[in-house]
Amino acid sequence: MISILCLRYISQVHKFFHNNPSCSPSPSPFNRITSHTMSCSRQTAAFPTVRTVTIPYSDLKDKNVDLSMKIEEGFGPNGLGILSITDVPGFPSLRRNLLHLSSRLASLPEEKKKELEDPNSRYNFGWSHGKEKLESGKPDLFKGSFYANPVLNVPTTDPQCIQRYPHYCGSNIWPDSILPELEIAFKGLGKLILDVGVMLAYHCDQYVSKGMKTNKNESLEQILLRSRCHKGRLLYYFPAQKREYIQDGHSVSSWCGWHTDHGSLTGLTCAMFKGDGVEIPCPDSAAGLYIKTRTDQIVKVIYGEDEIAFQVGETTEILSRGYLCATPHCVRAPKGQEASGVDRSTFALFMQPDWDEMLNFPDDMHIHEELMLANCSIKFGEYTEKLLDKYYSQT
């Protein structure tokens with residue numbers, strides 16, 4: 001799908017900074033480790049909890065504010081590949097409105113959800129359930145997804161593009177007659193996250209330009225502004241019984257396998273948990289987002305429910321020549337008696353180049369080396385196809 005699942009971690013980048021802390025360009029993310037750790041297994045292995053680097057919205061929207069230190073701390077070679085934006089006007093209500101609709105969508109009659117499926121796009125538009133596979137190779141029945149372009153219902157009418165890149169060039173499929181409010185809520189939240197992400201991209205470009213020569217037309221900001229294929233994903237994790245949590249509860253990737261996003265930036269909302277239809281706190285403090293660091297450590301990452309988190313994708317790492325770095329991450333499900341019968345909703349916006357955007361790959365290419373793209377120029381759509389073929393051709 002849009003977030004390409006990887007069973008192989010990205011190679012360890014910039015270990016120099018770990019081994020030579022005096023040369024580190026920014027504070028280590030582990031300066032923000034909280035005092036408690038979570039139990040990982042019955043063998044009492046534990047992972048530290050790290051708070052994201054935060055940027056106030058008022059600073060983000062001001063192009064005269066120098067955010068280079070924040071960008072480097074969150075997205076740079078020694079960072080976790082994630083940061084969050086605080087105090088975004090209108091975000092809390094838009095988040096709540098959309099996430100509350102996920103359970104209603106998932107509970108629609110099966111024949112109605114079938115009408116929302118799009119096999120031609122590899123289920124990258126409309127409803128998807130059980131089409132992806134877990135790390136074990138089994139179909140993922142834990143969650144359902146709804147995909148749509150939050151900006152353009154019809155990205156293009158060019159039949160050649162639609163045939164070549166159906167996962168990007170297809171049209172949105174909305175449940176207009178049975179859940180008309182979904183389109184309004186989805187687009188409202190998606191467009192807001194996109195607007196904030198473009199602001200963040202500007203400051204990312206400012207940071208990168210201090211280390212390498214950049215062309216404004218090839219900047220992250222401009223790439224995102226002219227793209228027609230941003231994709232939102234509304235996720236609903238079905239409530240499970242206690243026995244299901246016991247079966248997979250000790251796996252840190254029990255709800256979403258280890259992967260690295262392959263686009264430019266991914267905007268994330270904090271998850272919403274509900275029991276018997278009522279919003280509740282997360283029933284397990286060990287559940288949530290986990291990230292693998294540059295030094296082979298796994299940490300749990302937290303951010304506020306009224307914050308928008310952004311993660312770096314592989315394309316941005318490649319085009320920035322490693323000044324901005326993507327990280328492998330996964331999601332751990334809650335376990336225990338309190339987690340029984342609890343569902344989870346969240347939303348991700350995959351911000352990515354247009355399918356026709358030319359990507360110039362560097363000579364030193366450590367991401368997907370087996371695809372032999374070093375020193376090559378190909379369209380983003382072709383790059384996506386290669387990754388889809390790599391991960392799904394034998395599934």
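Reader: How many Å does H8 reach from its first C-alpha to its last?

Author: H8 has 29 residues, and it's a helix in the DSSP sense (helices are H or I runs of at least four residues, strands E runs of at least two, both numbered from the N terminus). The expected span is 1.5 Å times one less than the number of residues. H8 comes close to its expected 42 Å, reaching 42 Å.

Reader: What kind of model is this?

Author: Residues are numbered from 1 along each chain as its sequence is written, and side-chain values use heavy atoms, leaving out hydrogens and water. Local features need pLDDT of at least 70 and side-chain atom pairs 80 or more, while totals for chains, interfaces and linings use all residues, since this is a predicted model.

Reader: Which helix gives the most to the largest nonpolar core?

Author: A nonpolar core joins buried Ala, Val, Leu, Ile, Met, Phe, Trp, Tyr and Cys residues through side-chain atoms within 4.5 Å. The largest one has 51 residues, with Ile-71, Phe-75 and Leu-200 making the most contacts inside it. With 14 residues, the top contributor is H8.

Reader: Is Glu-307 buried or exposed?

Author: Glu-307 sits in the loop between strands E13 and E14. Its side chain makes a 2.5 Å polar contact with that of Arg-51 (N or O atoms within 3.5 Å, one able to donate a hydrogen and the other to accept it; residues adjacent in sequence count only if both atoms are side-chain atoms). Buried means under 20% relative accessible area, exposed over 50%, partly exposed in between (1.4 Å probe, protein chains only). At 9%, Glu-307 is buried.
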